[in-house]
Amino acid sequence: MKRFSSFTMDGIGAAVRTVISRVKDATAKRSNELPSTVPRLVAVSKLKPSECIIEAYQHGQRHFGENYVQELIEKSNDPKLLELKDIKWHFIGHLQSNKCNNLAGVPNLFIVETVDSVKLANTLNSSWGKKNKPDPLNVMVQVNTSQEENKSGCSRDQCIELVKHIISSCPHLKFSGLMTIGEFNHDWSQGENPDFVCVLSLGFYKMLVQCRKVVCESLGLNVEDVELSMGMSNDFEEAILMGSTNVRVGSTIFGARQAK
Ligand SMILES: *Cc1c(COP(=O)(O)O)cnc(C)c1O
């Protein structure tokens, strides 16, 4: 295990730089209708040790994504990581209401990208309120663009109501955009090739762009004020071409993950 992590560590700095330049190149190729702002790169560090995060931080990476509340609590309170003063944590996993208080206690929590119900928004709102922080907590609404029953995220139809609820009834939350996962839980055993799966994901990203349009029209919001979190290792460049403002890249930076 030790050999494995030191092996991957060597490559992390170079991988961060490569991904950043690929993000910039993709941004430069965007159509004129899309903003020229370079999307935020979130390095997804789930199941990777603190040393990997420190390594990426030392190469300039500041935003990190984690999927599991308990793991995020442990890492964010690790004395070595507490020293990294401007680290910014993104929670990108499935969130249960009973974990909101714990999550709200995470030092340097920047955003929760996976709010998908009114109940969860209300709970997170009160958890953050109890912390008496000067600023509201950034949140994104996770949309289940594939409409599959077993996936998390609200449906496209529920999305408008949920965004409206957060804006009007959750003073401790700041709505900052929409998030979706592409064909993430894809069953590779079916023998399809990765390019095909990528094409599927792009369909979901297109739906998220459409979803933002509808939300903005219905609620009178500016499209520029509503972020789109989409794109992972396999497809972040395509997601950027479609307007992503926040890409979540794990294995391309940190290497393959061991199963949890
Ligand atoms: C793990 C994960 C990622 C990163 O996936 P990679 O394919 O390793 O880049 C992105 N988003 C979410 C929600 C994840 O769970």
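**Figure 1. Residues around the ligand.** The ligand in this predicted model is surrounded by V44, K46, N67, I92, I181, M232, S233, R248, V249, G250, S251 and T252. By residue class, this shell divides into 5 nonpolar, 5 polar and 2 charged residues. Two secondary-structure elements, β8 (246-249) and α10 (251-254), each supply at least two residues of the shell.

**Figure 2. Close-up of K46.** K46 is one of the residues around the ligand. The lysine sits in the loop between β1 (40-44) and α2 (50-58). An unreviewed UniProt entry carries the annotation "modified residue: N6-(pyridoxal phosphate)lysine" for K46. Within 10 Å of K46 there are 18 other C-beta atoms, so the residue is classed as partly exposed; the buried class would need 20 or more. Leaving out residues up to four places away in sequence, K46 touches E66, N67, Y68, E71, G250 and R257. Among these contacts, N67 and G250 also belong to the set of residues around the ligand.

**Figure 3. Parallel pairing of strands β2, β3, β4 and β5.** Strand β2 (residues 63-66) runs parallel to β3 and is joined to β3 by 4 bridges. In this pairing, F64 has W89 of β3 as its bridge partner. Strand β3 (residues 88-91) is in turn joined to β4 by 3 bridges, again with parallel strands. Here the bridge partner of W89 is L109 in β4. W89 therefore has a bridge partner on each of two strands, F64 and L109. Another 3 bridges join β4 to strand β5 (residues 137-142), and these two strands also run parallel. V115 has V141 of β5 as its bridge partner.

**Figure 4. Strand β4 and the β-α-β unit.** Which handedness does the unit made by β4, helix α6 and β5 have? The β-α-β unit of β4, helix α6 (residues 118-130) and β5 is right-handed. Strand β4 spans residues 109-115, and 7 of its 7 residues are buried, so the strand is largely enclosed by the rest of the structure.

**Figure 5. Close-up of V115.** V115 lies in strand β4. The residue has 27 C-beta neighbours inside 10 Å and so counts as buried, the cut-off being 20 or more. Neighbours within four places in sequence aside, V115 is in contact with L120, A121, L124, V139, M140, V141 and Q142. Of these contacts, V141 is also the bridge partner of V115 in β5. The C-alpha atom of V115 is separated by 26 Å from that of V23, and the two residues are 92 residues apart along the chain.

**Figure 6. Two asparagines with positive phi.** Most residues other than glycine have a negative phi. N108, although not a glycine, has a positive phi of about 60 degrees. The loop between α5 (100-104) and β4 holds N108. With 15 other C-beta atoms within 10 Å, N108 is partly exposed. The second case is N132, a residue other than glycine whose phi is positive and near 50 degrees. N132 is located in the loop between α6 and β5. Is N132 buried or exposed? N132 has 7 C-beta neighbours inside 10 Å and so counts as exposed, since the exposed class takes residues with 12 or fewer.

**Figure 7. Close-up of C211.** C211 lies in helix α8 (residues 194-219). There are 23 C-beta neighbours inside 10 Å of C211, so the residue counts as buried. Which residues does C211 touch, not counting those up to four places away in sequence? The contacts are V143, R156, C159 and L178. From C-alpha to C-alpha, C211 and E148 are 16 Å apart in space, while 63 residues apart in sequence.

**Figure 8. D10 in helix α1.** D10 is part of helix α1 (residues 2-28). The residue has 10 other C-beta atoms within 10 Å and is therefore exposed, the limit for this class being 12 or fewer. D10 and V215 are 44 Å apart in space from C-alpha to C-alpha, and 205 residues apart in sequence.

Definitions and conventions: Residues numbered from 1 in each chain as written. Predicted model: local features only at pLDDT ≥ 70, side-chain atom pairs only at ≥ 80, totals over all residues. Right-handed = clockwise from strand over helix to strand, strands pointing away. Near = placed C-beta within 6 Å. Nonpolar A, V, L, I, M, F, W, Y, C, P; charged D, E, K, R; others polar. UniProt positions renumbered as here; feature names shortened; annotations may be inferred. Contact = placed C-beta atoms within 7 Å.
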